[in-house]
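Open the model in your viewer and keep the sequence panel visible. The stops below are given in an order that goes from sheets to helices, cores and loops.

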Amino acid sequence: MPMIESQGSAIPRVLVLGGTTEASRLAQALADAQVDAIFSYAGRTESPLPQPLPVRVGGFGGMDGLRTWLREQRISHVVDATHPFAAQMSRNAVDACAATGIPLLALERPAWQSQVGDHWQQVPDIASAAQALPKAPSRIFLAIGRQHVEPFLARSPHWFLLRLVDASLALPPERGHIVLARGPFTVANDTALLQQHRITHIVAKNSGGSGAESKLHAARALGLPVILIDRPAIPPRPTVARVEQVLQWIAGPHGNTGVATERGV
């Protein structure tokens, strides 16, 4: 891929706010195009995937810290490719870019939509999902990561299956089991996982994308109910769904990108 140069401006210097499969794909595309770019991780995962770009790990110190960092690093473009539930980082990016005049684009995967045969209960947030758990003892696949498990563990007498990237959490055997794995996952494997652990319910974030969608296909096939948590609200920002669109945006004239102007669903 040829080197990208912004039309009518200096060679771009891009900040990628990462944390998703799409962010890693973008990082590779930027490296292939010889774009000067920095990849930023929040640092919550002990063993993040290696990236072909210089990597920065950790927070920026809120919106003010991000605004200062962007100016110091002479960033020309910001791409928010964080997880759809990393709402605070996305809000900080919107505010910091507005304050500095640096263009911002979100690379955001579309949310999952229910299909015939699904048994979904859609809830607005983590607390509502915990409240929606059945009253009778159940075996629940808690597919929400490790940060927000406490509200669910507090609601005994359920048994929980967690799937995590690293061994950063422990569960007593009587309360659940942890599987260490990194996506993408397959429908066959997720079906076998649900059957092996006799899962009766699934709790998941509506993160979208194909890497973790297989559990929903497995739930549909097995007739299992799913408590699906809606995405948090993020201020309107230009949004695309494909890496190719990000590259076009970086190369194109500022202000005439042709991308959507509202947050994708």
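What follows is a list of selections, with a note on what each one shows in this predicted model.

**First sheet**

Start with strands S3, S2, S1, S4, S5 and S12. In that order they make an open sheet of six strands, paired in parallel. Its edges are S3 (55-57) and S12 (239-240), each of which pairs on one side only.

Next, select S4 (77-80) and look at its two neighbours. On one side, strand S1 (residues 13-17) runs parallel to S4 and is joined to it by four bridges. Val16 has Val79 as its bridge partner in S4. On the other side, S4 pairs with S5 (residues 104-107), again in the parallel sense, over three bridges. Here Val79 stands opposite Leu105 of S5. To follow the chain between these two strands, trace it from S4 through helix H3 (residues 87-100) to S5; this β-α-β crossover is right-handed.

Keep S4 selected and show its side chains. Are its faces covered or open? Both are covered. His77 and Val79 are buried on one side, and Val78 and Asp80 are buried on the other. This division fits a general rule: in a regular strand the side chains alternate between the two faces of the sheet.

Now add helix H1 (21-32). H1 lies across S1, S2, S4 and S5, and runs at about 160 degrees to S2.

**First core**

Select Leu26, Leu30, Leu107 and Val246. These are the residues with the most contacts inside the largest nonpolar core, which has 23 residues. At least two residues of this core come from each of S1, H1, S2, S5 and helix H8 (243-251).

Centre the view on Val246. Which residues does Val246 contact, leaving aside its neighbours within four places in sequence? The contacts are Leu26, Val79, Leu105, Leu107 and Val240. Val79 was met above as the partner of Val16, and Leu105 as the residue opposite Val79.

Then select Ala130, Leu153, Leu164 and Leu171. They are among the 18 residues of another core, which lies apart from the one around Val246.

**Second sheet**

Move to strands S6, S11, S10, S7, S8 and S9. They form an open sheet of six strands in that order, with parallel pairing. S6 and S9 stand at the edges with a single partner strand each, so one side of each has no neighbour in the sheet. From one strand to the next, the twist averages 20 degrees.

Within this sheet, select S7 and S8 (residues 159-164), which pair in the parallel sense over three bridges. Ile140 stands opposite Phe160 of S8. Helix H6 packs on the sheet, where it touches S7, S8, S9 and S10, and its direction makes about 150 degrees with that of S8.

Select helix H7 next. H7 lies across S6, S7, S10 and S11, at about 150 degrees to S10. Which residues of H7 (residues 214-222) are buried? They are Ser214, Lys215, Leu216, Ala218 and Ala219. Their cover includes strand S6 (120-123), strand S7 (139-143), H6, strand S10 (201-205) and strand S11 (226-229). Step past the end of H7 to Gly223, where phi is positive, near 70 degrees.

**Backbone details in the loops**

Three loop positions remain to be selected.

- Gln34 is in the loop between H1 and strand S2 (36-41). Its phi is near 60 degrees, a positive value in a residue other than glycine. Gln34 is exposed, with a relative accessible area of 55%.
- Arg74 is in the loop between helix H2 (62-72) and S4. Phi of Arg74 is near 55 degrees, also positive in a residue other than glycine. At 70% relative accessibility, Arg74 counts as exposed, because the cut-off for exposed is over 50%.
- Pro184 is in the loop between strand S9 (176-180) and helix H6 (187-196). The peptide bond from Gly183 to Pro184 is cis, with omega near 5 degrees.

Key. Residues numbered from 1 in each chain as written. Predicted model: local features only at pLDDT ≥ 70, side-chain atom pairs only at ≥ 80, totals over all residues. Heavy atoms only, no water. Buried < 20%, exposed > 50% of the residue type's maximum accessible area, 1.4 Å probe, protein only. Pairing = 2+ DSSP bridges. Right-handed = clockwise from strand over helix to strand, strands pointing away. Contact = heavy atoms within 4.5 Å. Axes fitted to C-alpha atoms, helices over the stretch in contact; angles between N-to-C directions. Core = buried A, V, L, I, M, F, W, Y, C linked by side-chain atoms within 4.5 Å.
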